[in-house]
Each structure stands twice: as C-alpha cells, then as structure tokens.
Amino acid sequence: MQYIPQAPPFVMIDELIEVSESVTRTGFTIREGHLFVANNLFTEPGLIENMAQTAAAGTGFQASLGGKPAPVGFIGSIKNLKIDQLPKVGDTIQTSIVFLHQVLQAHVVQAEVRLKDQIIASATLNIFLQ
C-alpha cells in the first residue's frame, strides 16, 4: 500500500515480489466481492488496473528509496492488449512489468499476467507520471 497511490477498494495487488531498475513483479489473490469481480471472474478492467498498479508499485518503491512519496500516474494508452483467460475467485495471479523506455513523463512498459505458469493477459502500457 505504501508504494501505490490507490486505496481500498481500488487495490489490485497484495504483495510486491520483485523490484529492480527494469522489472517489477506482484501477486494478487482474487477475492469474492472485489470491485472488479463479476460472475466469479476477475474482469478485464481489473486485469488492466492490476498491470498499472504493478507498474506503480515499482515506481513507488524506487521513489521510496530516495525518500520521496509514490508518484501519481495514469494510463495514457494501452497497446496490443491480449486477454486469453479471466482468473476466478480464489486464483492468485502474478503480474510482471518490464520497463522499456521513457519519453518525457511517459513510461512505456510491457505487462504480463500469469496464472500458475500460463500467461493469461499481456499489453504495452504508456503510463504518465505527475
């Protein structure tokens, strides 16, 4: 929570598994009654927000190392979105973000969401930081 600007019920990550200069990995267990659960499935907007929050967690962690608060960001664009499967209540997903490059205030990242060892969603996100 300290690395992302979101607050419940809009939180889509449970744990920060890995952070480096170029990679961030988080885990999230889908819970019944969550904002983005419908018909026992974690919906597409939830997966996209999970990707964005994973990117935010990495940026927030890096900022904390410098004694700064987590920056606020927003999704500027989503490219090549592919969703092959929606996780269900009780599933734990792991999301990986690879930082590709930065153009002015936009961070371009590649996201992958895995359920067990299978990639179930991926996208390239442009995230603008304030």
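1. The count of aromatic pairs comes to 2. The model is predicted, and the two pairs are described in turn below, each by the distance of the ring centres and the angle of the planes.

2. One pair consists of Phe-28 and Phe-42, whose ring centres are 5.5 Å apart. Their planes stand at 50°, an angle that is neither under 30 degrees nor over 60, so the pair is classed as tilted. Phe-28 belongs to strand β2 (residues 23–29) and Phe-42 to strand β4 (residues 41–42); the pair therefore ties together parts that are 14 residues apart in sequence. Both Phe-28 and Phe-42 are buried.

3. Phe-74 and Phe-128 also form an aromatic pair, with 5.7 Å from centre to centre and 20° between the planes, and this pair is stacked. Phe-74 is located in strand β5 (residues 73–83), whereas Phe-128 is located in strand β8 (residues 118–129), so that parts 54 residues apart in sequence are tied together by the pair.

4. Are Phe-74 and Phe-128 buried, partly exposed or exposed? Phe-74 has a relative accessible area of 44% and is therefore partly exposed. Phe-128 likewise counts as partly exposed, because its relative accessibility is 32%.

5. A further residue to consider is Gln-53, which is placed in helix α1 (residues 44–65). Its relative accessible area is 0%, so Gln-53 is buried. When residues up to four places away in sequence are not counted, Gln-53 touches Ile-4, Gln-6, Phe-10, Val-11, Met-12 and Ile-13.

Terms used:
Residues numbered from 1 in each chain as written. Predicted model: local features only at pLDDT ≥ 70, side-chain atom pairs only at ≥ 80, totals over all residues. Heavy atoms only, no water. Helix = DSSP H or I, 4+ residues; strand = E, 2+ residues; numbered from the N terminus. Buried < 20%, exposed > 50% of the residue type's maximum accessible area, 1.4 Å probe, protein only. Contact = heavy atoms within 4.5 Å. Phe/Tyr/Trp six-rings, centres within 6.5 Å; stacked < 30°, edge-to-face > 60°.
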